[in-house]
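Before looking at the picture, it helps to ask what each structural word rests on. The questions below take such words one at a time and set them against their definitions.

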Amino acid sequence: MIGVARRDVTPPVGIYARMWGAAKHDQAEGVHKPLYVTALALRTSAGDLRVIVAADVCVVGDLATPDDLEVVIGPVRERLGLPDGELLLNWSHTHAAPWAATSRAEMPGGDLIAPFLRALGQGIADAAEEAVASVRPATLTWA
């Protein structure tokens with residue numbers, strides 16, 4: 001059984017966005033392309049549930065702010081009742097996303113990071129919940 005869902009998690013213009021050394025500005029000045037999260041729900045014939053999430057972000061949190069990750073994945077675990085190990089996250093490592101760590105809160109546009117993390121968590125939870133609700137018999141193949 002497989003279900004899939006997607007949500008737009010594009011951060012707001014003005015968020016702290018210096019993600020690479022050659023950047024000429026600290027804050028996002030616009031949106032070139034939206035950022036998304038995509039959730040894939042897999043339910044086995046025994047009823048076991050696993051959710052795989054791909055997110056267009058580079059990193060969430062850092063060594064100074066390890067709780068940032070829980071802000072993002074906590075809502076998913078709570079809404080779906082997923083135990084540790086049943087939620088797999090994949091960050092795309094795009095440098096087009098903001099530096100999503102509240103340790104950067106004092107930087108220009110850093111005040112938008114914590115709300116972005118909460119919105120990212122809600123986007124992931126919404127997509128995961130929809131993916132689980134939409135599971136259907138399916139065959140997954142790849143080459």
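Two strands count as paired if DSSP finds at least two bridges between them. The model shown here is predicted, and in it the bridge partner of Gly3 in strand β2 is Ala41.

Q: What makes β1 and β2 a pair of strands?
A: A pair needs at least two bridges found by DSSP, and seven bridges join β1 to β2 (residues 36-43), so the requirement is met. These two strands run antiparallel, and besides Gly3 with its partner Ala41, Arg7 stands opposite Val37 in β2.

Q: How do you know that β2 pairs with β3, and what lies between them?
A: Seven bridges join β2 to β3, against the two that the definition asks for, so they count as paired. The strands run antiparallel, with Leu40 having Ile52 in β3 as its bridge partner. They form a hairpin with five residues between them, and Gly47 in the turn has a positive phi of about 95°.

Q: Which way do β3 and β4 run, and what joins them?
A: Strand β3 (residues 49-55) and strand β4 (residues 87-91) run parallel and are joined by five bridges, one of which has Val53 and Leu89 as partners.

Q: Why are β1 and β4 called the edges of the sheet?
A: The open sheet has four strands in the order β1-β2-β3-β4, with mixed pairing. Both β1 (2-8) and β4 have a single partner strand, so one side of each is left without a neighbour in the sheet. Neighbouring strands of this sheet are turned by 15° against each other on average, direction ignored.

Q: What handedness does the unit of β3, helix α1 and β4 have, and where does α1 lie?
A: Together, β3, α1 (residues 67-80) and β4 make a right-handed β-α-β unit. Helix α1 lies across β3 and β4 and runs at about 145° to β4.

Q: Why is α1 called roughly parallel to helix α2?
A: The axes of α1 and α2 (residues 113-133) come within 8 Å and cross at roughly 25°. Angles under 35 degrees count as roughly parallel, and therefore the two helices receive that name. Their crossing is right-handed.

Q: Which residues of α1 and α2 meet, and how are they classed?
A: Among the residues of α1 in this contact are Val71, Val72 and Leu80, while those of α2 include Leu117, Ile124 and Val132. By class, the contact has 11 nonpolar, two polar and five charged residues.

Technical notes: Residues numbered from 1 in each chain as written. Predicted model: local features only at pLDDT ≥ 70, side-chain atom pairs only at ≥ 80, totals over all residues. Heavy atoms only, no water. Right-handed = clockwise from strand over helix to strand, strands pointing away. Axes fitted to C-alpha atoms, helices over the stretch in contact; angles between N-to-C directions. Contact = heavy atoms within 4.5 Å. Parallel < 35°, antiparallel > 145°, perpendicular 65-115°, else oblique. Left-handed = near helix turned anticlockwise from the far one by under 90°. Nonpolar A, V, L, I, M, F, W, Y, C, P; charged D, E, K, R; others polar.
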